[in-house]
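Q: I would like a close look at one residue and its surroundings, followed outward into the rest of the fold. Please keep the reasoning connected throughout.

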Amino acid sequence: QLQLVESGGGLVQPGGSLRLSCAASGFTLDYHDIGWFRQAPGKEREGVSCISSSGGSTNYADSVKGRFTISRDNAKNTVYLQMNSLKPEDTAVYYCAAIPRGVYGLGYCRRGAWEYEYWGQGTQVTVSS
């Protein structure tokens, strides 16, 4: 069974940090682009960041650029999202997603939700004092 599982969410004060993890089971994340998305109540799902299958290309939403960092460890079959300088507006359910891109990949990744095939169940991040 192909599955993505997010972890690392929680309650943090403004200015704090969290690291989210996205672990795959039933398949390897090699040759997959990985995206992180978030959805706040009453808002549309937003593409936060993505990383290409090779790890050589990343992409960030303007709202998180300079504060969030995506990385991958294929040996651990896990992708991370390091979130620093968190703001109340970062509060949302965060999801990771994957799309296979083959051995060579595209050389870049895209943050559109429609691009992605496999999705996790999400982890709640709440930024509040």
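In which strand does Ser21 lie, and is Ser21 buried or exposed?

A: The model is a predicted one, and in it Ser21 lies in strand S3. Because its relative accessibility is 15%, and buried means under 20%, Ser21 counts as buried. Leaving aside neighbours within four places in sequence, Ser21 is in contact with Val5, Glu6 and Ser7, with Trp36, and with Thr78, Val79 and Tyr80.

The sheet gives these contacts a setting. Four strands form an open sheet in the order S1-S3-S8-S7, and the pairing is antiparallel. The edge strands are S1 (3–7) and S7, each of which pairs on one side only, and the twist averages 15 degrees from one strand to the next. At the S7 end of this order, S7 and S8 run antiparallel and are joined by 6 bridges, with Ile70 standing opposite Leu81 in S8.

Two of the residues that Ser21 touches, Trp36 and Val79, lead on to the nonpolar interior. The largest nonpolar core has 28 residues, and Trp36 and Val79 are among those with the most contacts inside it, as are Leu4, Phe68, Leu81, Met83 and Tyr94. The elements that give two or more residues to this core are S3 (18–25), S4 (32–39), S5 (46–51), S7 (68–73), S8 (78–83), S9 (92–100) and S11 (123–127). A second, separate core of 6 residues includes Cys50, Ala97, Ile99 and Cys109. In soluble globular proteins, nonpolar side chains tend to be buried together.

Within the largest core, Phe68 deserves a separate look. Not counting residues up to four places away in sequence, Phe68 touches Leu81, Gln82, Met83, Asn84 and Leu86, and also Arg38, Val48, Tyr60, Asp90 and Tyr94. Tyr94, which is on that list, in turn stands opposite Thr123 in S11, and S9 and S11 run antiparallel with 3 bridges joining them. Strand S2 (residues 10–12) also pairs with S11, but in the parallel sense and over 3 bridges, with Gly10 standing opposite Val125. Along S11 the side chains alternate, so that Thr123, Val125 and Val127 point to one face and are buried, while Gln124 and Thr126 point to the other face and are not.

Arg38, another residue touched by Phe68, also belongs to the surroundings of Ser63. The place of Ser63 is in the loop between strand S6 (58–60) and S7, and Ser63 counts as partly exposed because its relative accessibility is 35%. Not counting residues up to four places away in sequence, Ser63 touches Arg38 and Glu46. Ser63 and Glu46 are 17 residues apart in sequence and 10 Å apart in space, C-alpha to C-alpha, and their side chains make a polar contact at 3.2 Å.

The loops that follow S3 and S8 hold two residues with a backbone feature to note. Tyr31, in the loop between S3 and S4, has a positive phi of about 65 degrees although it is not a glycine, and at 43% relative accessibility Tyr31 counts as partly exposed. Ser85, in the loop between S8 and S9, likewise is not a glycine and has a positive phi of about 50 degrees; with a relative accessible area of 40%, Ser85 is partly exposed.

Aromatic rings complete the picture, with a count of 3 aromatic pairs. Phe27 and Tyr118 form a tilted pair, 5.4 Å centre to centre with 45 degrees between the planes. This pair links distant parts of the chain, 91 residues apart, with Phe27 in the loop between S3 and S4 and Tyr118 in strand S10 (residues 118–119). Phe27 counts as buried at 13% relative accessibility, whereas Tyr118 is partly exposed at 22%. Phe37 and Tyr116 form an edge-to-face pair, 5.3 Å centre to centre with 75 degrees between the planes. Here too the pair links distant parts of the chain, Phe37 being in strand S4 and Tyr116 in the loop between S9 and S10, 79 residues apart. Both partners are buried, Phe37 with a relative accessible area of 1% and Tyr116 with 7%. Ring pairs link Phe37 and Tyr116 together with Trp119 into a cluster.

Conventions: Residues are numbered from 1 along each chain as its sequence is written. This is a predicted model: local features need pLDDT of at least 70, side-chain atom pairs count only at pLDDT 80 or more; totals for chains, interfaces and linings use all residues. Side-chain values use heavy atoms; hydrogens and water are left out. A nonpolar core is a set of buried Ala, Val, Leu, Ile, Met, Phe, Trp, Tyr and Cys residues joined through side-chain atoms within 4.5 Å. Buried means under 20% relative accessible area, exposed over 50%, partly exposed in between (1.4 Å probe, protein chains only). Contact means heavy atoms within 4.5 Å. Two strands pair if DSSP finds at least two bridges between them. Axes are lines fitted to C-alpha atoms, for helices over the stretch in contact, and angles run from 0 to 180 degrees between N-to-C directions. A polar contact is a pair of N or O atoms within 3.5 Å; within protein, one must be able to donate a hydrogen and the other to accept it, and residues adjacent in sequence count only if both atoms are side-chain atoms. Rings of Phe, Tyr and Trp (its six-membered ring) pair if their centres lie within 6.5 Å; planes under 30 degrees apart count as stacked, over 60 as edge-to-face and the rest as tilted.
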